[in-house]
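Here are my notes for you to read with the model open on your screen. Take the points in order and find each residue as you go.

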Amino acid sequence: MKIKLSIRQKIIITFLILFFIVILVSLLSFFNYNNLNQTIHILEKKEALLNNILEARRYEKNFFISYDIKNLIIAKSFIEKSEYQLENIILTEKDNDNILSQELLFLKQYKDAISNFINKNKNNKNIKTNSKEIHDIREKGREATVFLEKAISKRRKTIQHIINQSRNFLFITIITFISLAIITFLFLLKNVTKPLKNIEEAIQKIVSGDYDKLPNIQTGDEFENLVKNINYLLTEMRLRNKQLLQKEKMAALGTLTSGVAHEINNPLNNISTSLQILLEEIDAGDKKYQQELLQESLNQVDRAKEIVRNLLEFSRETSFSLKNINFKQLVQNTLKLIQGEVPTHIQLEIDIPSDLEVKIDPRRIQQVILNLVLNAIQALDKKEGTITVAGFKKKSNFIFEVKDSGPGIPKENLSKIFDPFFTTKDVGKGSGLGLAVCQGIISQHGGKIEVQSKEGQGTTFSVIIPQDNIVES
């Protein structure tokens, strides 16, 4: 059974491992340092001991030059001092080196040889230079010096070994810490940074109106649960956004009703007039004229059917679907829906090439156009002005703009106009959702919507939709 650990437990375990490794490394480093310090301390004492023995040898040599017995007495005093130092090293420093024990024996033999010689020759003025006693003094002195030098040499090798060991240990420690740092970094990257980055990107998508699900992660911790909850939230938001789109569309549909009624009323009046004339002149026998009236009635029926069809297509709830479409034709059909709502003091203009083909979701872009144009109409209010819908391609982007010559948007409101429920209209005249819905629709296309406005100089909404990489979601 796979054990699932929370991110908190993973971090605690990681840092506990690091903590114990640091403690272990620190203890080993302290042990090495303490061992090295103790060895150097013993070496210093042995070197001081060797210096005293060498002093004794120096006075021994002076004796062989001058044959003054006082030199041997001084040499003996240095040997006694060396004995005390050596015993202190063996006892206090707990140095159980066999060489030191042997060195102590040779020192005693060296001292005894000098003592015997002094006792025998205190008052002897004719000392034999080749006597057995003099040979013993030289031999014992040499042995004492050689053995101590061996002990010092061994201790120096020990120090060098500890230094080499410490260097290797330091190298291993550095490699270990670098490896642990990399492992910790990769752990945090996989278990903390990457999930947080995914969540951050998801939040940015939500802000821009894109509610695609996050890919599931199998970390077995809070991030896995968080991603599941965010995906549940995104599912709910997609549903609510779909409902919001339809609600905003129906709100726009309500605004269109009077204009559409006017547009349908005109062909109905023409049909009614033509039928009345036909009834009055049915016996006149002018078939050509009657045919013209009937043809005109059929044309008006077709006109009414087209208006109703456009209205039904706009109001119908559809899934996001990209199509190659003639943009100018789409704009013309869209503006027909609100033709009856455009006051006589406002002039609608279309500045779009007739052959401009773009890949978009026509129903959703139609809703964007309607929202922007209706906003422009409301902005102009009773003021004479012009509203222009322009469209063109620039590099790999399709751009369309809705410009008006109205009063413009105050600077303090420019950063808020896309916020849901923000509106400057009177209560009951606007929900503040129109531009937020437009932004969501454009985000679905992978594009963006921008606004440029200065008070007294009109407003331009620019919609930029990429055409190269746009894919149907």
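1. Start at asparagine 326: its bridge partner in strand β3 is glutamate 357. Keep in mind that you're looking at a predicted model. Asparagine 326 belongs to strand β1 (residues 323–326), and β1 and β3 run antiparallel, joined by four bridges.

2. Now walk along strand β3, residues 357–360. Which side chains point to one face, and which to the other? Val358 and Ile360 share a face and are buried. Glu357 and Lys359 point the opposite way and are not buried. So Glu357, the bridge partner of asparagine 326, sits in an alternating pattern.

3. Next, the helices. The axes of α7 and helix α8 (residues 362–380) are 10 Å apart, and the two pack at an angle of about 55°. That angle makes α7 oblique to α8, because it falls outside the ranges for roughly parallel, perpendicular or antiparallel. As for handedness, α7 and α8 cross in a right-handed way.

4. On to the rings: the model has eight aromatic pairs. Take phenylalanine 19 and phenylalanine 20: why is this pair called edge-to-face? Their planes are at 65°, and over 60 degrees counts as edge-to-face. The ring centres are 5.7 Å apart, which fits the 6.5 Å limit for a pair. Are these two residues buried or exposed? Phenylalanine 19 is partly exposed, at 48% relative accessibility, while phenylalanine 20 has a relative accessible area of 55% and counts as exposed, because the cut-off is over 50%.

5. Now look at phenylalanine 327 and phenylalanine 398. Their centres lie 4.8 Å apart with the planes at 75°, so this pair is edge-to-face too. It links distant parts of the chain: phenylalanine 327 is in helix α7 (residues 327–337) and phenylalanine 398 is in strand β5 (residues 397–404), 71 residues apart. Both phenylalanine 327 and phenylalanine 398 are buried.

6. There's a cluster to find as well: Phe63, Phe64 and Phe117 form one aromatic cluster.

7. Last, check two charges over rings. The charged end of arginine 58 sits over the ring of tyrosine 59, 4.8 Å from the ring's centre. Lysine 150 does a similar thing with phenylalanine 147: it lies over the face of that ring, at 5.3 Å from the ring centre.

Note on methods. Residues are numbered from 1 along each chain as its sequence is written. This is a predicted model: local features need pLDDT of at least 70, side-chain atom pairs count only at pLDDT 80 or more; totals for chains, interfaces and linings use all residues. Side-chain values use heavy atoms; hydrogens and water are left out. Rings of Phe, Tyr and Trp (its six-membered ring) pair if their centres lie within 6.5 Å; planes under 30 degrees apart count as stacked, over 60 as edge-to-face and the rest as tilted. Buried means under 20% relative accessible area, exposed over 50%, partly exposed in between (1.4 Å probe, protein chains only). A charge sits over a ring if NZ of Lys or CZ of Arg is within 6 Å of the ring centre and within 35 degrees of the ring normal. Two strands pair if DSSP finds at least two bridges between them. Axes are lines fitted to C-alpha atoms, for helices over the stretch in contact, and angles run from 0 to 180 degrees between N-to-C directions. Angles under 35 degrees count as roughly parallel, over 145 as roughly antiparallel, 65 to 115 as roughly perpendicular and the rest as oblique. A crossing is left-handed if the near helix is turned anticlockwise from the far one by less than a right angle, and right-handed if clockwise.
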